[in-house]
Amino acid sequence: MLFRLLVGAGLFAFAGPAAAQARYDKASRIFRLDGGDVTYAFKVNASGILQSVYWGKRLPDSAPLAAPELSGLSGFDVATNVVPQEFAGQGGGLYAEPALKVTYPDGNRDLVLYYRDHQIDGDEIRVTLSDLDRPIFVTLTYRIDRDTGVVARSAVIENRSTGDVRLDQVAAAGLTLPVAYDYRLHYSTGRWAAEWTLQERPLRTGATVLESRRGSTGSENNPWFQITRANTTEESGPAWIGALGWSGSWRMSFDQDVTGRVRIVGGFNPFDFAYRLRPGAKLETPMFYVGFSDQGRGGASRLFHRFERERILPRRGGDAPALRKVLYNSWEATEFKVNEAEQLALATRAASLGVERFVMDDGWFGARDSDHAGLGDWTVNPRKFPNGLTPLIDRVKALGMDFGLWVEPEMVNPDSDLFRAHPDWAMQYKGRPRTEGRNQLVLNLARTDVRDHVLKVLDDLLTQNDIAFLKWDYNRNWSEPGWPDADVADQQTIYVAYVRNLYYILDELRRRHPAIEIESCSGGGGRVDLGIMARTDEMWPSDNTDPFDRLQIQDGYTQAYAPGTMMAWVTDSPNWVNQRQTTLPFRFLSAMQGGLGIGTNLNRWGDADMATARYYVASYKRIRETVQHGSLYRLNRENPADARWTNLYVAQDRARAALFTLVGSTHKLDVMPTIQLLGLDPDAVYRIEAMDSTPLPATIPAQATGAYWMNHGVDVTLRGDFVGVGMILTRVR
Ligand code: GLA
């Protein structure tokens, strides 16, 4: 109340640097959000347009924030194009990317949004805009996270007129960076088994578009970005970061405008988009989460990792998401050839390694002997499991593990009982061919009957069986996204309705089965985003399980997403992807940098391999909290002469750290650079040991201060191909 009074009086309440604040200054008409080490400000300008003012390192409360009143540069670039808007309507002569584009039934397509009013509620500001004369209302929400300064932006579009309005393009937010000519955009590209390749390009005039037109998140681009300046390094300098919370088609565009400002617009993908908004109806956009760090690219990553742990990931009480269990997955061992006896044999061997969760993958249901049949028929195959799943589950539990199961609920094989009963449930245009991907079609989850069916099937599965975990797969992209039984004017809302119903099913399942944990998988890493992450506990980043490829994949993944959400398996050598041969310790050291799993055929491991694995699983349990919930430092990325992948994970309380350094190939007798650690307590004393308990080289003292490890560092010279070392540092005083 006091706060509201102060706001009303146009005064700022000072609440100390750590607290977040959301404020409005009546005199300057500036809105200001402060949280973590970030200030975000925008204002109502003299024309009544909502204009960007500042987004970057936190400024003192007393800092003047007045932004210049911008007018046009020339008749070619009138004010509409020069003023950086927080949420631009397509109208008034706008050439920059709009946040919202509408068409009225009378053909008018001019939309000019003005500030109307606002509300401030704790750390949240809601600003209402509307068109200059037509009753289209937009409510922008800005919520700043007090710990990280990450701002969550979204918009609700409301039709208060008496006729339908068609929305042609709807973003969650527009953002602006100050004039500079040395911005660089970082993002990731990929495809199946080759996800998370980092790309970098200068940001100049001429839009760069990152997007998915696939109906789901996709791996061609993943919906995150980082933007840096020329002086930004891994650990210093400005880095802006953003990610969309949406698991459907999405788009982000980046462009330097005529004044040199960089404008970012992100939200629904306008590709094939049309959304009929009936009188009184609203459309809410996805969230666009954006952050800033002056600690370089590493700082921006760590900010997002923390934000995901604290604000995005589901939790069941406690002050952190649950740690990932060490799991075993049967896919690479048995593929579709699952049966009770063989799964039991694998489970018995897995348990003896210290595995905590046994997951049976594809092949257990319907007529699923290959990827040609069975999807949609989620009943246990009686030939493979004559007594249902219960005997296997009971045995798995008796072995001290919990049980997980693979499902792909949004899909159907044409060769399935479900498709034979409901051919109209698959996405399609009437009378047109349906393109199959992996011999399957996508169910039209936008339909309420399909949504309810999928929910019921999964609910029954979880009610009838003691299942702790679902690996939720999604193995193709959309094609022919028709919805023939919907009104023509509503058919393209499939892009929104599908995802909302997917979220509904996940939310409802979690509500009915609060202990269930879920992994998001999509032919590997095709559906990783902050929308699905809010409803699942872990992600499968790639089907590529080669431990060396995986180092690069993991590096790309963790630019935006927390290591604790990233599953990584130890599998067979040679690896199925590229026939590369690697040692078991190398495979473990790669996979221990996320949530550890084992996906090998354990029947082929001899006693020596089993003993090695047992050792590493035990080591992993010592460092798993540090890896999953700690701070990740990438230690040698700026040194092209150092081919090692060197990652350090430091526990939140700095009492423990895990250091991994791995290399693909070494040359001659090169001596490798000393590794200086980061993030330790300089005054504390840390003991160091190898993860496999072999003696460390004599150049490394058994214990030393944090200051020593950070300034003197650790000398590790590796020799050979696909070799690495893992070390654990433990604070002793
Ligand atoms: C996808 C997943 C794999 C596996 C198979 C099963 O490819 O990414 O891990 O589950 O499906 O068919």
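In what order do the strands of the open sheet of 8 strands lie, and with what pairing? In this predicted model, the order is β28-β27-β26-β23-β22-β21-β30-β29, and the pairing is parallel. Strands β28 (538-539) and β29 (567-570) stand at the edges of this sheet. Each of these two has a single partner strand, so one side of each is left without a neighbour in the sheet.

The edge at β28 can be followed residue by residue. Its partner there is strand β27 (residues 517-520), which runs parallel to β28 and is joined to it by 2 bridges. Within this pair, E519 has E538 of β28 as its bridge partner. Towards the other edge, helix α12 (residues 584-591) packs on the sheet, where it touches β29 and β30 (595-598). The direction of α12 makes about 175° with that of β29. The loop between β29 and α12 contains P574. The peptide bond that leads from S573 to P574 is cis, and its omega is near -5°.

A second sheet offers a useful contrast in pairing. This open sheet of 6 strands follows the order β31-β32-β33-β36-β34-β35, and here the pairing is antiparallel. The edges are held by β31 (631-634) and β35 (703-705); since each has a single partner strand, one side of each is left without a neighbour in the sheet. From one strand to the next, the twist averages 25°. At the β35 edge, strand β34 (residues 685-690) pairs with β35 in the antiparallel sense over 3 bridges. One residue to look for here is Y686, whose bridge partner in β35 is A704.

Which strands does helix α11 lie across? Helix α11 (residues 547-557) lies across β31, β32 (645-650), β33 (656-665) and β36 (721-731), and runs at about 55° to β32. Helix α13 (residues 607-629) also lies across strands of the 6-stranded sheet, namely β31, β32, β33, β34 and β36. The angle of α13 to β33 is about 80°.

Attention can now turn to the ligand. How many residues surround it, and which are the closest? The ligand is surrounded by 13 residues, and the closest are D361, D362, R438, K471 and D543. By character, the residues of this shell divide into 6 charged, 4 nonpolar and 3 polar. Several side chains can be picked out by their distances to the ligand. For K471, an N or O atom of the side chain is 2.7 Å from an oxygen atom of the ligand. The corresponding distance is 3.0 Å for the side chain of D473, and 3.2 Å for that of N475. Taken alone, the ligand exposes 310 Å², and the protein buries 96% of that.

K471 can also be placed in the 8-stranded sheet, as β26 covers residues 469-472 and belongs to that sheet. The loop between β26 and α9 (494-512) holds one more residue to note, E480. Phi of E480 is near 40°, which is a positive value in a residue other than glycine.

Conventions:
Residues are numbered from 1 along each chain as its sequence is written. This is a predicted model: local features need pLDDT of at least 70, side-chain atom pairs count only at pLDDT 80 or more; totals for chains, interfaces and linings use all residues. Side-chain values use heavy atoms; hydrogens and water are left out. Two strands pair if DSSP finds at least two bridges between them. Helices (H or I, at least four residues) and strands (E, at least two) are DSSP runs, numbered from the N terminus. Contact means heavy atoms within 4.5 Å. Axes are lines fitted to C-alpha atoms, for helices over the stretch in contact, and angles run from 0 to 180 degrees between N-to-C directions. A residue is near a molecule or strand if one of its heavy atoms lies within 4 Å of it. A polar contact is a pair of N or O atoms within 3.5 Å; within protein, one must be able to donate a hydrogen and the other to accept it, and residues adjacent in sequence count only if both atoms are side-chain atoms. Accessible areas come from the Shrake-Rupley method with a 1.4 Å probe; for residues, only the protein chains shown count as cover. Ala, Val, Leu, Ile, Met, Phe, Trp, Tyr, Cys and Pro count as nonpolar, Asp, Glu, Lys and Arg as charged, and the others, Gly among them, as polar.
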